[in-house]
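Work through the exercises below with the model open beside you, and try each task before reading its solution. The solutions go step by step, from the chain as a whole to single residues.

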Amino acid sequence: MSAPPAEELLKQWESEQARLRQQVVEEDTEDWQRSPDFSGLERVGGVDLSFIKGDDVNAAPQLVVLSYPDLEVLYEDSQMVTLTAPYRLASALEKPPSSWKALQRLERNQPHFCSVVPSQQVVFVDGNGLFHYREFGLACHLGVLSGLPCVGVAKNLLQVQGVNKSEEHQSQIAALQKGGDSFPLTAASGKVLGKALRSSDKSSKPVYVSVGHKISVDTAVRLTHSCCCYRVPEPIRQADCRSREYLRTHFPVADT
């Protein structure tokens, strides 16, 4: 008896993750990454995906591009997508391709905008990168597909590879005294998969930063902090707000 379609999709995706994982670059590759003030960085992107509550088929991926360091929105792209996988697989299977298509639309529809400076020299993803079950989260997938430096920033702790909400973890969070303080998320193997970052003096709850592609973890943490006006880095916060607003506007009866 054949496996249910969802299980088949999951097995296919795990195999694809293993293949693409080999292409992830975990080091700084750009000159601006090595600058103390990120000199040369002019554009930061953010991607997010919002679902209509109770609807596991239709979702709204959102791309925003902000200026840096001013963090003003320069471009946004929202389009509905019809998912080809059940809700529990939708993020893994659909979010990177749909976000990648939004990046491609930017290059196609705004050639002048992209010719002045790369449309977004780094992309923040609402989700994890290497801090993942198979060290290949959404930020890694989008980074490999696009070839752009990517940073994964998750709002909640993914309990994986020996990292969990232990007393020690809570004590480490309590020891984060100010915005910019961080501590490593170390797997049972000893490998640092990311860092917990207190992103703002105003918020004691950390975000979880990990490498997506073409950036080191220390640079990813430093850049994330520099993009935080609030707890969540502004590119992701703007993408989240605008994707929810898109759903409210086009589906006014939907509770997102």
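The exercises that follow concern a predicted model, and each is followed by a worked solution.

**Exercise 1. The chain as a whole**

Determine how many helices and strands there are in the chain, and what share of its residues count as buried.

Solution. Begin with the secondary structure, where the assignment gives 7 helices and 9 strands in the chain. Next, turn to accessibility: of the 256 residues of the chain, 53% count as buried. Finally, take the contacts in the chain with a separation of 6 or more, and ask how far apart in sequence the partners are; residues 24 or more positions apart account for 66% of these contacts.

**Exercise 2. The strands β7, β8 and β9**

Establish in which sense β7 and β8 pair, and in which sense β8 and β9 pair.

Solution. Start from β7 and β8, which pair in the antiparallel sense over 5 bridges; as a point of register, S182 stands opposite L197 in β8. The two strands form a hairpin with 5 residues between them, and in that turn G190 has a positive phi of about 100°. Then move to the other pairing of β8, with strand β9 (residues 207–213), which is also antiparallel and runs over 3 bridges. Here the register can be read from A196, which stands opposite Y208 in β9. As a last step, examine how covered β8 is: this strand, residues 192–197, has 5 of its 6 residues buried.

**Exercise 3. The second largest pocket**

Find which element gives the most residues to the lining of the second largest pocket, and how the lining divides by class.

Solution. First take the volume, since about 160 Å³ of space lies in this pocket. Then list the lining, which includes G162, V163 and N164 as well as H169, Q172, F183 and L185. Assigning the lining residues to elements shows that α5 (167–174) and β7 (182–186) each give two or more residues, and that β7 gives the most, with 4 residues. Sorting the lining by class then yields 4 nonpolar, 6 polar and 1 charged residues. The strand found here is the one that forms a hairpin with β8.

**Exercise 4. The cysteines**

Decide how many disulfides the structure holds, and explain what the sulfur distances say about C140 and C229.

Solution. The structure holds 0 disulfides. For C140, the nearest cysteine sulfur is that of C150, 8.7 Å away, and because a disulfide requires two cysteine sulfur atoms within 2.5 Å, C140 is in no disulfide. For C229, the nearest cysteine sulfur is that of C228, at 7.8 Å, and C229 is likewise in no disulfide.

Accessibility is a separate step: C140 counts as buried, at 0% relative accessibility, while C229 is partly exposed, with a relative accessible area of 37%. C228 is buried, with a relative accessible area of 14%, and lies in the loop between α6 (217–226) and α7 (234–250). Leaving aside neighbours within four places in sequence, C228 is in contact with S199 and P233. The C-alpha atoms of C228 and S200 are separated by 6.7 Å, although these residues are 28 apart along the chain.

**Exercise 5. Backbone geometry in the loops**

Identify which peptide bond is cis between Y68 and P69, giving its omega, and state what phi L71 and K214 have.

Solution. Most residues other than glycine have a negative phi, and most peptide bonds are trans. Against that background, a cis peptide bond joins Y68 and P69, with omega about 10°, and P69 is placed in the loop between β2 (58–67) and β3 (73–78). L71 is also placed in the loop between β2 and β3; its phi is near 60°, a positive value in a residue other than glycine, and L71 counts as buried at 13% relative accessibility. K214, in the loop between β9 and α6, has a phi near 55°, again positive in a residue other than glycine. K214 is partly exposed, with a relative accessible area of 23%.

**Exercise 6. A loop residue and its contacts**

Work out which residues Y133 touches, not counting residues up to four places away in sequence.

Solution. Locate Y133 in the loop between β5 (123–126) and α4 (138–146). Under the stated exclusion, Y133 touches L158, Q159, V160 and Q161. For Q159, the C-alpha to C-alpha distance from Y133 is 8.9 Å, with the two residues 26 apart in sequence.

Technical notes: Residues numbered from 1 in each chain as written. Predicted model: local features only at pLDDT ≥ 70, side-chain atom pairs only at ≥ 80, totals over all residues. Heavy atoms only, no water. Buried < 20%, exposed > 50% of the residue type's maximum accessible area, 1.4 Å probe, protein only. 1 Å grid on protein atoms, 1.4 Å probe; cavity = no way out; pocket = protein on both sides within 12 Å on 5 of 7 lines; lining within 4 Å. Points joined across faces, edges and corners; volume = space filled by probe spheres on them. Nonpolar A, V, L, I, M, F, W, Y, C, P; charged D, E, K, R; others polar. Pairing = 2+ DSSP bridges. Contact = heavy atoms within 4.5 Å.
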